[in-house]
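Visitor: I should like a close look at the salt bridges of this chain, together with the strands, helices and cores that surround them. Please treat the matter as one connected account.

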Amino acid sequence: MTALIPRVRTMAEPVISLVVPFYNEREVLPECVARLARVMAGTGLPFEAVFVDDGGTDGGAEWLMARCTERPWIRVVRLSRNFGKEAALTAGLDHARGEAVVVLDADLQDPPECIPAMIQRWRAGADVVLMQRRSRPGETRLKRISAHLFYRLLRGLSRSDIPADTGDFRLMSRRAVEAIRRLDERNRYMKGLFAWVGLPTVVLRYDREARVAGDSKWGYWRLVGLALEGITSFSVAPLRWAAVIGALAAMLGGGYGLWIIAKALMFGVAVRGYPSLTALITFLGGLQLLTIGIVGEYVGKVYLETKQRPIYLVRDVVDRASLRREPAPPRRRSLGVPHADAG
């Protein structure tokens with residue numbers, strides 16, 4: 001097994017990297033940049049902010065690129081298209097150079113003012129500092145209840161200890177980041193991958209804030225899809241449930257059939273119950289389709305993994321050092337060549 005060896009850092013590199021994936025968040029970016037600058041200035045540590053544009057079309061990346069001259073700590077990683085937040089987050093971790101990496105959303109629902117406390121716990125020896133939500137203002141009651149139930153369901157199904165009420169907002173040491181970067185799967189549920197790595201972890205509670213501007217890009221059905229991704233990526237329990245339910249249905253159906261035969265032989269009762277038979281067939285047909293769908297979800301994941309396509313492709317990386325667009329190095333074996341440290 002390969003040991004987790006910390007990377008040697010040169011004096012020119014930042015101590016803290018902020019990874020901020022975003023998609024069409026132009027309205028909130030000015031406030032985000034201002035608050036990050038104010039908070040990080042208070043820490044007195046060299047830092048960078050890696051903004052990952054996940055194929056946005058509202059000019060947010062261009063606005064950030066124009067700020068690179070006056071704010072040298074900004075780096076903009078533009079993906080070639082919209083690959084999804086999990087891929088954008090992966091790209092940010094690949095390009096982060098700091099000894100500690102803080103992941104947060106551009107919409108400022110994860111308040112940057114929590115970062116100094118996170119850094120303090122990291123300096124005390126924690127490899128991972130989790131931020132657990134104490135409240136979720138600005139969200140509907142249905143979303144709060146469904147999120148509460150989902151996190152507990154996922155934690156009960158998964159063998160990894162996935163904390164409840166935690167999003168992507170966290171600090172990770174370089175050792176934890178390098179461990180995450182070695183996980184090459186294409187179907188990525190980052191909260192589960194973070195938990196799978198383990199390492200010494202501290203949990204801090206905070207009050208989530210409402211969006212500063214703009215609208216959420218996560219509709220209810222997208223959240224349902226993300227929930228299914230999380231469950232099927234870190235547990236085979238749905239397959240076992242399908243097998244158990246199928247066995248129970250078969251036993252009940254067999255017992256009922258024997259009962260009908262016995263009644264006909266002993267009492268000569270004519271076979272009746274066409275409506276109930278139709279209902280039973282419909283129920284069992286639906287159950288079979290549901291089971292096939294569950295199996296298909298896992299088969300689809302295997303199919304996508306065997307393709308070995310890159311998790312993301314980078315259009316360009318821009319910072320003040322050059323302000324020229326140059327292709328980022330490929331991620332590990334994604335493009336068939338050795339991986340080199342980004343930056």
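Guide: In this predicted model, the count of salt bridges comes to 13. Three individual pairs and one network are described here, each with its surroundings.

The side chains of E113 and R35 meet in a salt bridge, at 2.7 Å from N to O. This pair links distant parts of the chain, since E113 belongs to the loop between β4 (100-103) and α4 (115-123), whereas R35 belongs to helix α1, 78 residues apart. The two partners can be compared by burial. E113 has a relative accessibility of 40% and therefore counts as partly exposed. R35 has a relative accessibility of 8%, under the 20% limit, and therefore counts as buried.

A second salt bridge is formed by R78 and D316, with the closest N and O atoms 2.7 Å apart. It too links distant parts of the chain: R78 is in strand β3 and D316 in strand β8, 238 residues apart. Both R78 and D316 are buried. The strands that carry these residues are themselves paired: β3 (residues 74-79) and β8 run antiparallel and are joined by four bridges. Within that pairing, V77 has V317 of β8 as its bridge partner. Strand β8 (residues 314-318) has four of its five residues buried, and is therefore largely enclosed by the rest of the structure.

The third pair is D127 and R175, whose closest N and O atoms are 2.4 Å apart. D127 lies in the loop between α4 and β5, and R175 lies in helix α6 (residues 174-181), so the salt bridge ties together parts that are 48 residues apart in sequence. With a relative accessibility of 8%, D127 counts as buried. R175, with a relative accessible area of 31%, is partly exposed.

Strand β5 (residues 128-135) deserves attention in its own right. Six of its eight residues are buried, so β5 is largely enclosed by the rest of the structure. Strand β5 has an antiparallel pairing with β6 (residues 166-173), made through four bridges, in which L130 stands opposite R170. Strand β5 also pairs with β7 (residues 201-207), here in the parallel sense and over seven bridges. In β7, R205 is the bridge partner of Q132.

Beyond the individual pairs, salt bridges also form a network that links E48, R75, R97 and D319. R75 appears again among the contacts of F51, which, leaving aside neighbours within four places in sequence, include W73, I74, R75, V76 and V77. Other contacts of F51 on the same terms include V20, F22, L29, C32, V33, L36 and L64.

F51 in turn leads to the nonpolar interior. In soluble globular proteins, nonpolar side chains tend to be buried together. The largest nonpolar core here has 43 residues, of which I16, L18, F51 and M118 touch the most other members. Helix α1 (residues 29-43) gives the most to this core, with seven residues. Helix α1 is also the helix that holds R35, the partner of E113. Apart from the largest core lies another, of 18 residues, among them L89, L93, L183 and L193.

Helices α9 and α10 complete the view. L287, in helix α10 (residues 274-307), has 17% relative accessibility and therefore counts as buried. Not counting residues up to four places away in sequence, L287 touches I245 and A249. The C-alpha atoms of L287 and I245 are separated by 8.7 Å, although the two residues are 42 apart along the chain. By contrast, M251, which is placed in helix α9 (residues 237-267), is exposed, with a relative accessible area of 56%. M251 joins V244 and L248 in a nonpolar surface patch of about 300 Å².

The setting for these details is a chain with ten helices and eight strands. Of its 343 residues, 46% count as buried. Among contacts with a separation of 6 or more, 81% are between residues 24 or more positions apart. The chain exposes about 17,800 Å², of which carbon and sulfur atoms supply 61%.

Conventions. Residues are numbered from 1 along each chain as its sequence is written. This is a predicted model: local features need pLDDT of at least 70, side-chain atom pairs count only at pLDDT 80 or more; totals for chains, interfaces and linings use all residues. Side-chain values use heavy atoms; hydrogens and water are left out. Patches are made of residues with over 30% relative accessible area and no salt bridge: like charges are joined within 9 Å, nonpolar side chains (Val, Leu, Ile, Met, Phe, Trp, Tyr) within 5 Å. Accessible areas come from the Shrake-Rupley method with a 1.4 Å probe; for residues, only the protein chains shown count as cover. A salt bridge is a side-chain nitrogen of Lys or Arg within 4 Å of a carboxyl oxygen of Asp or Glu. Helices (H or I, at least four residues) and strands (E, at least two) are DSSP runs, numbered from the N terminus. Buried means under 20% relative accessible area, exposed over 50%, partly exposed in between (1.4 Å probe, protein chains only). Contact means heavy atoms within 4.5 Å. Two strands pair if DSSP finds at least two bridges between them. A nonpolar core is a set of buried Ala, Val, Leu, Ile, Met, Phe, Trp, Tyr and Cys residues joined through side-chain atoms within 4.5 Å.
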